[in-house]
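Notebook open, model loaded. I went through this one piece by piece and jotted down what I looked up.

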Amino acid sequence: MRAARVVTGTAAPLDRSDVDTDQIIPSDWLKRVSRTGFEKGLFAEWRDSRDFVLNDERHAGATILLAGTNFGTGSSREHAVWAIQQYGFDAVISPRFADIFRNNCTKNGLVPAQIPADAAAELMAAVRADPGLEITVDVERLTVEAPAIGFEAAFSMEASTQQRFLEGLDDIGLTLRHAGAIDEFERRRLPWLPATT
């Protein structure tokens, strides 16, 4: 996965609570064989509505999804994270994430920034008033900022997860850090044990 130190850009304000993974990417899209093209299914059932936020040209090119509370509930599907990323979002800000969704984000390089509810409401109002408001999600400093309005809110992240983002390490990348030890283990294996290759 790509390293994520600082995400800067505009935000699309999805002012809805309890958005589940089936609303993020409907189950019909889970039949795909490849891991690409999921951006077309992102919020597919809502995008038929002309006034849905992703249909608003003022938010075209947004790199941050600003969501309501309890975002990503429901079943665990990495497809939800893939759809959000493939649409062009590099970070999601919410007052609360479902644990499974947050975990899928951290394993796929989508930054989940959970900020206090009052700060999220303030930021939501500011983005609705000014769609061009620039927001920065700083993974190194663990802050969400909108300097033009003097906004700053902290978010937390486990140190190991933060390091994954800063170094761009998915589970395979973490394993490959131990490639030398793995090779050494394989060299010392008893010859009568089954081969691993």
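**Threonine 63**

I started by asking whether threonine 63 is buried or exposed. Its relative accessible area is 18%, and the cut-off for buried is under 20%, so threonine 63 counts as buried. Worth writing down straight away: this is a predicted model. I located threonine 63 in the loop between H1 and E3. Then I listed its contacts, skipping neighbours within four places in sequence. One run of partners is Val7, Thr8, Gly9 and Thr10, and the others are Gly88, Phe89, Asp90 and Ala91.

**The parallel sheet**

Next I checked the strand order. E2-E3-E4-E5 is an open sheet of four strands, with parallel pairing. Strand E2 (11-14) and strand E5 (111-114) have a single partner strand each, so they stand at the edges and one side of each lacks a neighbour in the sheet. On average, neighbouring strands here are turned by 20° against each other, direction ignored.

I went through the bridges too. E2 and E3 run parallel and are joined by four bridges, while three bridges link strand E3 (residues 64-67) to E4, also parallel. Leucine 66 was a handy marker: it is the bridge partner in E3 of proline 13, and its own bridge partner in E4 is isoleucine 93.

Which way do the side chains of E2 point? Ala11 and Pro13 go one way and Ala12 and Leu14 the other, and all are buried. I looked at E4 as well, and both of its faces are covered. Ala91 and Ile93 sit on one side, Val92 and Ser94 on the other, all of them buried.

**Phenylalanine 71**

I moved on to phenylalanine 71, in the loop between E3 and H2. Its relative accessibility is 0%, so I logged it as buried. Leaving aside neighbours within four places in sequence, its contacts include the aromatics Phe43, Phe97 and Phe101. Also among them are Leu14, Val19, Ile24, Leu65, Ile84, Val92 and Ser94. Arg96 and Ala98 complete that contact list. I also took a C-alpha separation to phenylalanine 165, which is 94 residues away along the chain: 20 Å.

**Helix H2**

Ile84 had just come up as a contact of phenylalanine 71, so I opened helix H2 (residues 78-87), where Ile84 is one of the buried residues. The others are His79, Ala80, Val81, Trp82 and Ala83. What do the buried residues of H2 pack against? I found helix H1 (21-24), strand E4 (91-94) and helix H3 (99-108). Just after H2, glycine 88 has a positive phi of about 125°. Gly88 had already turned up as a contact of threonine 63.

**The antiparallel sheet and H4**

A second open sheet has four strands in the order E1-E6-E7-E8, and this pairing is antiparallel. Its edge strands are strand E1 (6-9) and strand E8 (151-154), each pairing on one side only. I noted an average twist of 10° from one strand to the next. Four bridges join E1 to strand E6 (residues 135-138), running antiparallel, and valine 6 stands opposite aspartate 138 in E6.

Helix H4 (residues 117-129) came up with both sheets. It lies across E2, E3 and E4, at about 115° to E2. H4 also lies across E6, strand E7 (143-146) and E8, at about 145° to E8.

**Pockets**

Last entry. The largest pocket holds about 240 Å³ of space. It is lined by 13 residues, and those closest to its centre are Arg2, Gln85, Asp90, Asn108 and Gly109. That lining divides into six nonpolar, three polar and four charged residues.

The second largest pocket comes to about 200 Å³. Of its 14 lining residues, Pro13, Asp51, Phe52, Val53 and Arg128 are the closest to the centre. E2 and H4 each supply at least two lining residues. By class I wrote down six nonpolar, one polar and seven charged.

Key
Residues are numbered from 1 along each chain as its sequence is written. This is a predicted model: local features need pLDDT of at least 70, side-chain atom pairs count only at pLDDT 80 or more; totals for chains, interfaces and linings use all residues. Side-chain values use heavy atoms; hydrogens and water are left out. Buried means under 20% relative accessible area, exposed over 50%, partly exposed in between (1.4 Å probe, protein chains only). Contact means heavy atoms within 4.5 Å. Two strands pair if DSSP finds at least two bridges between them. Axes are lines fitted to C-alpha atoms, for helices over the stretch in contact, and angles run from 0 to 180 degrees between N-to-C directions. On a 1 Å grid over the protein atoms alone, a cavity is a set of points where a 1.4 Å probe fits but cannot get out, and a pocket is an open set with protein on both sides within 12 Å along at least five of seven lines; lining residues have an atom within 4 Å of a point. Grid points are joined across faces, edges and corners, and a volume is the space filled by probe spheres set on the points. Ala, Val, Leu, Ile, Met, Phe, Trp, Tyr, Cys and Pro count as nonpolar, Asp, Glu, Lys and Arg as charged, and the others, Gly among them, as polar.
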